[in-house]
Amino acid sequence: THWDIAFHIKESMCFVPDKISQVSEGGQSIPSDPTSPIYLAKAGAVTVYPTILRLERKSPTSIRVLWKMPEFEDIVNEWYVEYRLNEEGEPYSAEKVERTDLSTTISTIGGLEEASVYEVRMYCRNENGRGPPSPVEQITTDEAAPSAPAQNVRADLMDIETRELEIRWSPPPQRDVNGVLTGYQIKLYYSDPATSNNTSDSTSEDLTNESVVTLYPTSLPCWIAVAAKTAQGIGPFSNFEKVAVPVEEAVNKGAIDEVIAIFKQPWVIALLAGLVFILICMISFIACRQQKIKRRKMQREHHTTPFIKSYHDHSSSVNSSMNGQQYRMGHDGHQHDTP
């Protein structure tokens, strides 16, 4: 085993030599690495690669690759950009690009994930196969608004009288955040957003990175949705959650409210005032009548008492006279009229 030097000749110009690991019988070189220029040169494939000059962010989901070919070119038919997420086990995706006659070519790669780190490299190929890849360059795509809403939104009515609501939710999946979460926005509707396009009765609450908040809507029922946001904007809102008074409470409260509303009517107030006046008059009339009856009874007792007394006195005198007469008759044996 010994080392040998091979040269790739194109148009009487010398390219980059490379060493091989073994020499077969007859002095023919057999490289151990199938991607080495020697191996590729013997196969007639490309032995060079493009040079990436710079990577630029174009949008949250796309980048621009500025590249050029080396000074000495092989016969090249196609140029490719390879890219992948900077994560272990991620495969490369390849996209064919076109070369311009300018010294620097700009190619755009789209369909990337927001706020993600990518590895980028390039290679060439001809009819005999692909060439070696260029050194890997890295770039982080821009942030964007979240592409998914807040998850597991729940609204609980804690107090019916004060309309205290406790709203809970979870953040969007990390892959859909598209950057760094800066907060959430809660939207309240006081008419069903599924059947009404009226947004004048809606309000919004901007929140920090909380997952539980207490709100006091102006009325019930109401509809609530939650959206996450980054520095680049607000993501989609979740499905609307309806918050209403429980049926039993609604019936009781509704009946009470109806009664109160009726009693607030002017004609009802006037009717009640009239009834109270009539009741007072009746009570006064009954009290006066009772007073008169009592007074008459006292007067009757006052006038009948002397008459009864004189009657007893007269009876006593008559009896006395009669007794006297009887006494006289019994004394002399004859009846005599008393003068």
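## Nonpolar patch on two helices

Two helices, H2 (247-263) and H3 (266-332), each supply at least two residues of a nonpolar surface patch. The model is predicted. The patch covers about 1,000 Å². Its members are Val 259, Ile 262, Phe 263, Trp 267, Leu 271, Leu 272, Leu 275, Phe 277, Ile 278 and Met 282. H3 is the main contributor, giving seven residues, the most to the patch.

Leu 275 is one of the patch residues. Leu 275 sits in helix H3. Its relative accessibility is 48%, so Leu 275 counts as partly exposed.

## Cysteines

How many disulfides does a search of the whole structure find? The result is zero. A disulfide is a covalent bond between the sulfur atoms of two cysteines.

Two cysteines can be placed by accessibility. Cys 281 has a relative accessible area of 35% and is partly exposed. Cys 288, at 46% relative accessibility, also counts as partly exposed.

## Sheet S7-S8-S11

Strands of a sheet pair through backbone hydrogen bonds, either parallel or antiparallel. Here three strands form an open sheet in the order S7-S8-S11, and the pairing is antiparallel. Strand S7 (51-59) and strand S11 (105-109) are the edge strands, and each pairs on one side only. On average, neighbouring strands in this sheet are turned by 25 degrees against each other, direction ignored.

S7 pairs with strand S8 (residues 62-68) over seven bridges, in the antiparallel sense. Arg 54 has Leu 66 of S8 as its bridge partner. S8 and S11 also run antiparallel, joined by five bridges. There, Arg 64 is matched with Thr 108 of S11 as bridge partner.

In a regular strand the side chains alternate between the two faces of the sheet. S11 shows such alternation. Thr 105, Ser 107 and Ile 109 point to one face and are buried. Ile 106 and Thr 108 point to the other face and are not buried.

## Sheet S15-S16-S19

A further open sheet has three strands, ordered S15-S16-S19, with antiparallel pairing. Strand S15 (151-159) and strand S19 (212-215) stand at its edges. Each has a single partner strand, so one side of each is left without a neighbour in the sheet. Neighbouring strands of this sheet are turned by 20 degrees against each other on average, direction ignored.

Four bridges hold the antiparallel pair S16 and S19. Leu 165 has Leu 215 of S19 as bridge partner. Arg 168 has Val 212 of S19 in that role. Which residues of S19 lie on its covered face? Val 213 and Leu 215 do, while Val 212 and Thr 214 form the uncovered face.

Glu 164 belongs to strand S16 (residues 164-170). With a relative accessible area of 24%, Glu 164 is partly exposed. Glu 164 and Pro 217 are 53 residues apart in sequence, yet their C-alpha atoms are 7.5 Å apart in space.

## Salt bridges

The whole structure holds 10 salt bridges. One of them joins the side chains of Arg 130 and Glu 82, at 3.6 Å from N to O. Arg 130 lies in strand S13 (residues 129-130) and Glu 82 in strand S9 (residues 78-85), so the pair ties together parts that are 48 residues apart in sequence. Are the two partners buried or partly exposed? Arg 130 has 31% relative accessibility and counts as partly exposed. Glu 82 has 7% and counts as buried, because buried means under 20% relative accessible area.

Other salt bridges include the one between Asp 156 and Arg 154, with an N to O distance of 3.1 Å. Arg 168 forms another with Glu 166, where the closest N and O atoms are 3.2 Å apart. Arg 168 is partly exposed, at a relative accessible area of 37%. In addition, Arg 54, Glu 56 and Arg 64 are joined into one network by salt bridges that share partners. Two members of that network also appeared among the strand bridges: Arg 54 has Leu 66 as bridge partner, and Arg 64 has Thr 108.

Definitions and conventions
Residues numbered from 1 in each chain as written. Predicted model: local features only at pLDDT ≥ 70, side-chain atom pairs only at ≥ 80, totals over all residues. Heavy atoms only, no water. Patch = residues over 30% accessible without salt bridge, like charges linked within 9 Å, V, L, I, M, F, W, Y side chains within 5 Å. Areas by Shrake-Rupley, 256 points an atom, 1.4 Å probe, with all protein chains shown as cover. Salt bridge = Lys/Arg side-chain N within 4 Å of Asp/Glu carboxyl O. Buried < 20%, exposed > 50% of the residue type's maximum accessible area, 1.4 Å probe, protein only. Pairing = 2+ DSSP bridges. Axes fitted to C-alpha atoms, helices over the stretch in contact; angles between N-to-C directions. Disulfide = S-S within 2.5 Å.
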